[in-house]
Amino acid sequence: MSQQPPIVDLRSDTVTRPTPEMYEAMRTAPLGDDVLGDDPTVHELEALAASLTGKQAAVFVPSGTMGNQIALASHCVRGDAAIFEEEAHILYYECGSPALIAGVLAWTVPSVRGLLDPGEVERRILKHTLHTPGTRLLCLENTHNRAGGTVIPMDYLREYRSIADRHNLKIHLDGARVFNAAVALGAPVSEITRSVDSVSFCLSKALSSPVGSLLCGDSDFIEVARQWRKRLGGGMRQAGILAACGLVSLRTMIDRLAEDHRRANDLAGGLATISGLGIPNAPETNIVMVQTDARADVWMRALRERGVWCYDFDPHRLRMVLHKDVDDAGIARAVEACADVGRSLIP
Ligand SMILES: *Cc1c(COP(=O)(O)O)cnc(C)c1O
């Protein structure tokens, strides 16, 4: 029987499987009923998340989407305006929830590869009057997903903070991949999060936990957030089973993100030499955006037949995401499969 080589799954860093250490942690975690407030493993995870991000408190939520939506609902009242980058995950991939749950009015600002011009942000801020909605919140995304895992430089973060302070706005960071940003900047994550009022980050992406995100902020904010979590059905009982994996993620999976970043560079380098493909921008973290001369969906299907899975993000753009379950051999196979598809598409 011929052995099929394993799939190289570059669709997302959400596809990572738990590590053996996570399975062991799940088996042995002390548990309680977290909705009643007595799961010690959840408490431990929330305390660690708060301390890493330099915030007073944190709340464990089922997903990044719920963390973001709870943040909007906790910072804003219905009819408030919030400013977003125009392709923000919160607007693009969260099913219209900002309109549905928090009832916020989304003001969008275009960007250069996910990076908002601070002056442009400041021009969008409205004061609450008889006629105009008041701008309550600025939402940032770091790293930026649709822009290709791009990192917000520290001086921009400080600039956004001073704008927010001048105009009495809060800042929420959609930090689904904020640890990738921290590793790319060579700084502790708290240096990023000191410029924001709240941050949500995912354990379930490259940090390799099966489920879960954390929303961090000051104690009053997290108290309001806990009520929103319950309201949305996000209260989980013996959630320590999942929090135990999250503790392994935060203790052991952050530094290794540098490996994913190195492999993203290797992959981009390999793909840049293939005719019919282009790498307009070198990857900054674990996401590679690939320009395709032919239609991206044609590329995606042809690669899938060759055991390499990825997504078409736009009509002529593929997204490939690195994570712990793709090794150097996987990168080599992905480059080889792309070269093969490239040859087959030559007219
Ligand atoms: C994945 C992601 C989310 C949402 O996370 P889920 O856990 O899938 O709900 C939010 N923001 C960004 C930037 C993401 O990439």
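What handedness does the β-α-β unit made by β5, helix α7 and β6 have? In this predicted model, the unit is right-handed. Its helix, α7, covers residues 154-167, and its two strands sit side by side in a sheet that is described below.

To get oriented, it helps to start with the overall layout. The domain assignment splits the protein chain into domain 1, residues 20-252, and domain 2, residues 256-345. Their contact draws on 19 residues from domain 1 and 17 residues from domain 2. Taken over C-alpha atoms, the centres of domain 1 and domain 2 are 29 Å apart.

Next comes the sheet that holds β5 and β6. It is an open sheet of 7 strands, and reading across it gives the order β2-β8-β7-β6-β5-β3-β4, with mixed pairing. The edges are taken by β2 (57-61) and β4 (105-109), each of which pairs on one side only. From one strand to the next, the twist averages 20°.

Strand β5 (residues 135-141) is a good place to look inside this sheet. Of its 7 residues, 6 are buried, so β5 is largely enclosed by the rest of the structure. On one side β5 pairs with β3 (residues 81-85), in the parallel sense and over 3 bridges; here Ala81 has Thr135 of β5 as its bridge partner. The pairing of β5 with β6 (residues 170-174) is parallel as well and runs over 5 bridges, with Leu140 matched to Leu173 in β6. Moving along, β6 pairs with β7 (residues 198-202), again in the parallel sense, through 3 bridges. In that pairing, Asp174 finds its bridge partner in Ser200 of β7.

Over at the β2 edge, helix α10 (residues 219-231) lies across β2, β7 and β8 (213-217), and it runs at about 15° to β2. Strand β2 is home to Val59. How much of Val59 is accessible, in relative terms? The relative accessible area of Val59 is 0%, so this residue counts as buried. Leaving aside residues up to four places away in sequence, Val59 touches Glu46, Ser213, Leu214, Leu215, Ile222, Ala225, Arg226 and Arg229. Arg229 shows how the fold brings separated parts of the chain together: Val59 and Arg229 are 170 residues apart in sequence, yet 8.8 Å apart in space, C-alpha to C-alpha.

Helix α1 (residues 20-28) has two contrasting sides. Met22, Ala25 and Met26 are buried. Seen down the axis of α1, these buried residues fall within an arc of 100°, so they line one face of the helix. In general, an α-helix has 3.6 residues a turn, so residues three or four places apart point the same way. What do the buried residues of α1 pack against? Their packing partner is α11 (240-252). Pro20 and Arg27, on the other side of α1, are exposed.

A second open sheet has 4 strands in the order β9-β10-β13-β12, and its pairing is antiparallel. Its edge strands are β9 (277-278) and β12 (311-314), each pairing on one side only. Strand β12 is joined by 3 bridges to β13 (residues 317-321), and the two run antiparallel. Within that pairing, Tyr311 has Arg319 of β13 as its bridge partner. Helix α13 (residues 296-305) lies across β9, β10 (287-292), β12 and β13, and its direction makes an angle of about 40° with β13.

A few spots in the backbone also deserve a look. Most residues other than glycine have a negative phi, and most peptide bonds are trans. Against that background, the peptide bond from Asn142 to Thr143 is cis, with omega near 0°. Thr143 lies in the loop between β5 and α7, the two elements that open the right-handed unit. The loop at the other end of α7, between α7 and β6, contains Asn168. Phi of Asn168 is near 60°, a positive value in a residue other than glycine; at 68% relative accessibility, Asn168 is exposed. Cys95 also has a positive phi, near 60°. Where is Cys95 found? Its place is the loop between α4 (89-92) and α5 (97-102), and Cys95 is exposed, with a relative accessible area of 75%.

Terms used: Residues numbered from 1 in each chain as written. Predicted model: local features only at pLDDT ≥ 70, side-chain atom pairs only at ≥ 80, totals over all residues. Heavy atoms only, no water. Pairing = 2+ DSSP bridges. Contact = heavy atoms within 4.5 Å. Axes fitted to C-alpha atoms, helices over the stretch in contact; angles between N-to-C directions. Buried < 20%, exposed > 50% of the residue type's maximum accessible area, 1.4 Å probe, protein only. Right-handed = clockwise from strand over helix to strand, strands pointing away. Arc of directions from axis to C-beta. Domains from an automatic or database assignment.
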